[in-house]
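Visitor: I have a model open and would like to learn how to read its features one by one. Could you take me through it?

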Amino acid sequence: MADDDNIVIEDGGVLRLPPRILREMRASVGTRMRPVAAGESLLLVFREHEGDVDFNKWVDQCTLIGQVGAFGIADLFSTINMSQKTGVVVFESGHVQKRVYFENGEIVFSVSNESEFRLGEILVNRGMISRKQIDEILSSKEAGVRLGARLIQKGYLRAKDLYEAVRYQVEEIIFSVFPMSDGNFYFFEGDYLDEDLSQFTLNTQNILMEGYRRMDEWGLMREKIPHEGVVVLHAGKGEVKFDTPVMETVFHLIDGKKSVKELIRASGKGEFDVNRALYDLLRKNAIETIDPKATGQDKAKSLEGMIDAYNKLYVIVGQALDRAGRSEALGPEQMAEFVKGLDDRARQVLDGVNFDPTQGVAGSVSVMLSNLESAVASSG
């Protein structure tokens with residue numbers, strides 16, 4: 001048996017590294033590694049994957065490797081584009097993995113293991129099929145038949161709509177690479193794309209310009225629309241001039257109840273396009289937004305202020321009783337009897353609250369806020 005500092009070389013050249021090193025690499029004990037020589041003084045070690053891609057067969061074709069952020073995405077894509085390379089760039093950050101496929105320097109496909117980029121999720125979020133329909137298809141999975149084909153067979157989707165959805169999926173995965181700031185990338189040269197997958201010839205230079213345009217605009221939009229839970233309502237302004245069809249579609253879907261996420265689904269448009277339309281409508285003062293998260297925080301601050309005010313009175317009374325030699329009037333037993341005499345809702349709010357004659361309930365503010373939230377929820 002090897003001790004904790006030994007490297008074990010198995011048949012086929014696979015390595016088993018010491019547990020101490022695996023822990024530093026955030027890899028589980030027993031993870032197998034495959035080494036690749038990169039010159040006389042450098043040896044690259046790839047972790048064996050058990051997913052849908054067998055990187056073990058690719059490692060000899062790894063011609064470019066680097067850290068995301070240190071090597072610009074635009075520079076990387078431009079290098080592959082100008083040299084007319086065919087291959088796949090793999091981006092890894094923690095458990096997130098994205099792959100962008102190139103053919104003769106042009107992007108033709110992309111995949112990601114993130115749930116938001118699954119085809120089923122995209123179809124549901126864009127309002128193209130229902131959650132019930134996708135669950136039905138996924139529960140009756142047929143070996144060797146892809147999701148899109150089954151949706152068409154069932155009559156849930158037209159071939160044209162599927163093509164547009166997959167193209168949208170491919171583009172959104174690519175655009176999601178641009179904001180990445182950590183992790184690593186690897187370029188494997190060769191033809192690794194499955195023949196039965198759709199291929200799209202996307203102009204790489206156009207993708208680069210669009211990717212960086214979106215990054216700039218996302219920064220502006222997130223200042224006004226911080227997340228998809230924001231609720232949108234009309235501002236009551238008169239006639240609105242619509243600059244784009246998406247803007248008009250989104251505007252007419254606003255009812256004062258739908259969140260940004262619900263507007264994305266109801267419109268069937270992409271996340272970026274809907275947020276851009278809402279941002280432009282905000283600039284025209286045609287709509288207003290309510291952030292439930294911010295509202296909840298404001299309410300919490302108000303409640304904290306109210307509790308603090310009452311608590312100061314409690315402490316003042318406690319100090320006066322102490323000076324009068326009656327501090328026992330606010331002792332644990334007396335306070336327990338006091339709480340028992342309250343109505344059900346008041347008792348619920350004070351459940352688990354610690355009364356301290358010198359500090360009041362200062363140490364139990366979070367408990368009281370949680371109790372208040374539960375009391376409001378239970379009252380409907």
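Guide: Gladly. Let us begin with burial: a residue counts as buried when its relative accessible area is under 20%, as exposed when it is over 50%, and as partly exposed in between. Please keep in mind that this is a predicted model.

Visitor: Is phenylalanine 178 buried or exposed?

Guide: Phenylalanine 178 has a relative accessible area of 4%, so it is buried. In the chain as a whole, buried residues make up 37% of the 380 residues.

Visitor: How many helices and strands does the chain have?

Guide: The chain has 14 helices and 11 strands. Contacts add to that picture: among those between residues at least 6 apart in sequence, 59% join residues at least 24 apart.

Visitor: How do I read an aromatic pair, and how many does the structure hold?

Guide: Look at the distance between ring centres and the angle between the planes; planes over 60 degrees apart count as edge-to-face, and those under 30 as stacked, with the rest tilted. The structure holds 11 aromatic pairs. One of them joins phenylalanine 178 and tyrosine 212, with 5.2 Å from centre to centre and 85 degrees between the planes, an edge-to-face arrangement.

Visitor: Which parts of the chain does that pair tie together?

Guide: Phenylalanine 178 is in the loop between H6 and strand S9 (184-189), while tyrosine 212 is in helix H7, so the pair ties together parts that are 34 residues apart in sequence. Phenylalanine 178, as we saw, is buried, whereas tyrosine 212 is partly exposed, at a relative accessible area of 33%.

Visitor: What kind of pair do tyrosine 186 and phenylalanine 188 make?

Guide: That pair is tilted, because the planes of tyrosine 186 and phenylalanine 188 stand at 35 degrees, with the ring centres 6.4 Å apart. Tyrosine 186 is buried at 14% relative accessible area, and phenylalanine 188 is buried at 1%.

Visitor: Which residues form an aromatic cluster?

Guide: Phe71, Phe77, Phe91, Phe102, Phe178, Phe185 and Tyr212 form one cluster. A ring can also have a charge over it: the charged end of arginine 126 sits over the ring of tyrosine 168, 4.1 Å from the ring centre.

Visitor: Now to empty space. How is it found?

Guide: A probe the size of a water molecule is rolled over the atoms, and this shows where empty space is left. In this structure, a search finds one cavity of 30 Å³ or more. The largest cavity has a volume of about 70 Å³.

Visitor: Which element gives the most to the lining of the largest cavity?

Guide: S7 does, with three residues. The elements giving two or more residues to this lining are S6 and S7. Among the lining residues are Val88, Tyr101, Phe102, Asp191 and Gln199. Phe102 also belongs to the aromatic cluster. By class, the lining has six nonpolar, four polar and two charged residues.

Visitor: And how much space lies in the second largest pocket?

Guide: About 710 Å³. Its lining has 30 residues, and Glu116, Phe117, Glu172, Glu228 and Glu271 lie nearest the centre. Class by class, the lining of this pocket counts 10 nonpolar, six polar and 14 charged residues. Elements that each supply at least two of them are S7, helix H3 (119-125), helix H6 (159-177), helix H7 (204-224) and helix H9 (260-267).

Visitor: Where is glutamate 172 found, and which residues does it touch?

Guide: Glutamate 172 is in helix H6. Leaving aside residues up to four places away in sequence, glutamate 172 touches Phe117 and Arg214. Glutamate 172 is buried, with a relative accessible area of 11%.

Visitor: One last feature, the backbone. Which residue in the loop between helix H2 (73-82) and strand S6 (87-93) should I look at?

Guide: Look at glutamine 84 in that loop. Glutamine 84 is not a glycine, although its phi is positive, at about 55 degrees. Its relative accessible area of 57% makes glutamine 84 exposed. Asparagine 104 also has a positive phi, near 55 degrees, in a residue other than glycine. You will find asparagine 104 in the loop between strand S7 (96-103) and strand S8 (106-112).

Terms used:
Residues are numbered from 1 along each chain as its sequence is written. This is a predicted model: local features need pLDDT of at least 70, side-chain atom pairs count only at pLDDT 80 or more; totals for chains, interfaces and linings use all residues. Side-chain values use heavy atoms; hydrogens and water are left out. Helices (H or I, at least four residues) and strands (E, at least two) are DSSP runs, numbered from the N terminus. Buried means under 20% relative accessible area, exposed over 50%, partly exposed in between (1.4 Å probe, protein chains only). On a 1 Å grid over the protein atoms alone, a cavity is a set of points where a 1.4 Å probe fits but cannot get out, and a pocket is an open set with protein on both sides within 12 Å along at least five of seven lines; lining residues have an atom within 4 Å of a point. Grid points are joined across faces, edges and corners, and a volume is the space filled by probe spheres set on the points. Ala, Val, Leu, Ile, Met, Phe, Trp, Tyr, Cys and Pro count as nonpolar, Asp, Glu, Lys and Arg as charged, and the others, Gly among them, as polar. Rings of Phe, Tyr and Trp (its six-membered ring) pair if their centres lie within 6.5 Å; planes under 30 degrees apart count as stacked, over 60 as edge-to-face and the rest as tilted. A charge sits over a ring if NZ of Lys or CZ of Arg is within 6 Å of the ring centre and within 35 degrees of the ring normal. Contact means heavy atoms within 4.5 Å.
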